[in-house]
Each structure stands twice: as structure tokens, then as C-alpha cells.
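Here are some notes for a colleague who is opening this structure for the first time. They are set out as numbered points and can be read alongside the model.

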Amino acid sequence: MTGPAWVIIPTYDEAECLAPLVAALRTALAGEEDFRILVVDDASPDGTGAIAEGLAREDPRVAVLHRARKAGLAQAYVAGFTRALAEGAGYVLEMDADFSHDPADVPRLLAHARAGADLVLGSRYVDGGGVRNWGLRRRVLSRGGCLYARAILRVPVRDLTGGFKCFSATALRAIDFASARSEGYAFQVELTDRVLRRGLRVVEVPIVFHERREGSSKMSGRIAVEAAWRVPLLRRYTF
């Protein structure tokens with residue numbers, strides 16, 4: 001697979017985290033000849049979009065995609081994936097803006113994709129993976145959600161709800177990501193399920209997920225409820 005790696009970062013009120021995150025990604029990817037960082041901002045009222053524009057002026061490898069309103073994580077990724085593929089990406093990564101995902105792990109995910117994986121998952125639930133600074137309720141909700149999705153879909157992947165991933169451009173095109181019907185955790189499950197249903201190769205590599213450094217979590221009861229009823233429907237969907 002040829003073409004640069006694109007890191008897609010959806011943002012909504014991430015003013016405290018964005019500049020340090022972009023700096024950390026530049027350091028992590030210093031060995032890359034070519035890469036892009038695309039910030040997809042949903043009209044953040046705290047000025048995240050303006051910060052992103054400033055970063056883009058300073059570094060041509062940083063780009064910004066502004067959306068008119070807060071329209072959900074799934075559609076932010078769809079917009080980011082579409083832009084990356086249109087501009088020749090060879091690999092497309094998704095990650096959170098709040099340092100929950102360690103930028104230093106990005107080269108590991110990318111290396112596995114270049115070695116032949118169609119989708120590389122940063123997994124909390126394989127040997128060597130884990131979470132930090134979560135309470136019992138959050139741990140039970142996350143692990144239970146993964147086990148539930150695995151049982152319903154009958155797939156071997158251990159971390160179906162994680163949002164730290166690296167797709168090959170070929171895999172993204174094969175799964176028709178723009179037609180995904182889900183949001184939140186369910187969106188992550190749906191994309192991985194589509195890759196598996198295409199018979200493509202999925203690899204899980206261990207990562208440690210950290211609770212966000214600043215601000216408040218975007219996780220909500222609505223997102224969890226949607227995942228609970230949406231996952232069984234995935235078995236009926238065609239794409």
C-alpha cells in the first residue's frame with residue numbers, strides 16, 4: 001500500500017488538549033517521510049477550531065475540516081475518511097483528541113498495517129493491554145459491552161468498541177464506511193464487523209487506555225443504550 005498515513009482527530013471542546021496532542025503526534029511520527037493530521041471540528045464553542053487553524057498555518061501536514069454543528073462522532077469520522085481517501089491516503093488512523101490514546105503507539109499500529117493487516121486495533125483487552133484511572137462502573141460497562149458484541153456477532157476480536165484504529169485505504173473502500181448506520185460505540189463495532197465480514201485481516205495490538213487529561217468524557221448513557229440495541233441489527237445489514 002502506498003500513500004501517506006492520515007491521523008483523523010474529531011474534536012468538540014478540546015482546546016486544552018489539541019495543541020499538545022498534535023505536538024506529540026509530530027514527535028511520534030518524526031520517522032515518517034510523509035503524514036497528515038486532520039482535525040475534524042464540530043464548531044466547538046471553546047475555540048478548538050481556531051486553535052486547529054493556527055496549527056495548520058504553522059505546519060502544512062496539519063489540516064482542518066470544519067463542520068457547522070455538533071453532528072456526532074460517526075459522521076465526523078466519515079467526513080475525515082472521505083477527505084483522507086480523496087487526497088491519496090494509504091493508511092487512515094482514528095484516535096481521540098484527549099490523550100486517552102497514546103500518540104507514541106501510532107507507529108506500532110501503522111507498522112502492523114504496513115506488514116499486511118487490513119485493520120489494526122489498539123486493544124485494551126489482549127495481553128499487555130489495559131485501562132488506567134477508570135472506576136468500576138466504567139470498567140464493567142466497557143468490558144461488558146465488548147463481551148456482548150462479541151457474543152452477538154460471533155467474532156474473535158476482543159476489543160470491538162475501541163476507537164484507536166488503523167485502516168488500510170483498501171479496507172476502508174471495501175467496507176463502504178459512508179453507509180454505516182451507527183453512532184458512538186456501535187459505529188466502532190460496525191466498522192470492525194464490516195472488515196471481518198469482507199474476510200479481511202484484523203490484528204489487535206495491546207494499548208493502555210488512559211482517562212482523559214482535561215475536560216469531561218463524551219461518553220453518555222444514550223451512546224451505551226444505542227450500542228445495546230444496534231449491535232444485534234448489524235447481523236441483518238448488508239453493504
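**Notes on the packing**

1. The buried residues of α2 are Thr-48, Gly-49, Ala-52, Gly-54, Leu-55 and Ala-56. Among the elements that cover these buried residues are β1, α1, β2 and β3. Please keep in mind throughout that this is a predicted model.

2. One of those covering elements, α1, deserves its own point. The axes of α1 and α2 lie 9 Å apart, and the two helices pack at an angle of about 20 degrees. Angles under 35 degrees count as roughly parallel, and α1 and α2 are therefore described as roughly parallel to each other. Their crossing is right-handed.

3. Which residues make the contact between these two helices? On the α1 side they are Ala-15, Leu-18, Ala-19 and Val-22, which meet Thr-48, Ile-51, Ala-52 and Leu-55 of α2. By type, the residues of this contact divide into seven nonpolar, one polar and no charged. Thr-48, Ala-52 and Leu-55 also appear among the buried residues of α2.

4. In soluble globular proteins, nonpolar side chains tend to be buried together. Here the largest nonpolar core has 38 residues, and those with the most contacts inside it are Ile-9, Leu-25, Met-95, Leu-109 and Cys-166. Two or more residues of this core come from each of β1 (5-11), α1 (15-28), β2 (35-41), α2 (48-58), β3 (62-66), β4 (91-94), α4 (106-114) and β8 (202-206). The element that gives the most is α1, with five residues.

5. A second, separate core has 34 residues, including Trp-6, Phe-81, Leu-172 and Leu-234.

6. Cys-166 belongs to the largest core. Setting aside residues up to four places away in sequence, Cys-166 touches Tyr-91, Val-92, Leu-93, Leu-109, Leu-110, Ala-113, Asp-118, Leu-119 and Val-120. Leu-109, in that list, is also one of the residues with the most contacts inside the core.

7. Leu-234, from the second core, lies in the segment after α8 (221-233). Is Leu-234 buried or exposed? Leu-234 has a relative accessible area of 1% and is buried. Not counting residues up to four places away in sequence, the residues that Leu-234 touches are Leu-153, Ser-182, Val-189, Glu-190, Asp-193 and Arg-197. Leu-234 and Leu-38 are separated by 196 residues in sequence, and their C-alpha atoms are 29 Å apart in space.

8. A residue in helix α7 (residues 184-197) is also worth a look: Gln-188. This glutamine is buried, with a relative accessible area of 4%. Leaving aside its neighbours within four places in sequence, Gln-188 is in contact with Leu-73, Tyr-77, Glu-94, Leu-160, Thr-161, Gly-162, Gly-163 and Lys-165.

9. Two loop residues should be checked for backbone geometry. Ala-43 lies in the loop between β2 and α2, and its phi is near 55 degrees, a positive value in a residue other than glycine. Phe-99, in the loop between β4 and α4, also has a positive phi without being glycine, near 70 degrees. As for exposure, Ala-43 counts as partly exposed at 40% relative accessibility, whereas Phe-99 counts as buried at 10%. The cut-off behind that second label is that buried means under 20% relative accessible area.

Definitions and conventions
Residues numbered from 1 in each chain as written. Predicted model: local features only at pLDDT ≥ 70, side-chain atom pairs only at ≥ 80, totals over all residues. Heavy atoms only, no water. Core = buried A, V, L, I, M, F, W, Y, C linked by side-chain atoms within 4.5 Å. Buried < 20%, exposed > 50% of the residue type's maximum accessible area, 1.4 Å probe, protein only. Helix = DSSP H or I, 4+ residues; strand = E, 2+ residues; numbered from the N terminus. Contact = heavy atoms within 4.5 Å. Axes fitted to C-alpha atoms, helices over the stretch in contact; angles between N-to-C directions. Parallel < 35°, antiparallel > 145°, perpendicular 65-115°, else oblique. Left-handed = near helix turned anticlockwise from the far one by under 90°. Nonpolar A, V, L, I, M, F, W, Y, C, P; charged D, E, K, R; others polar.
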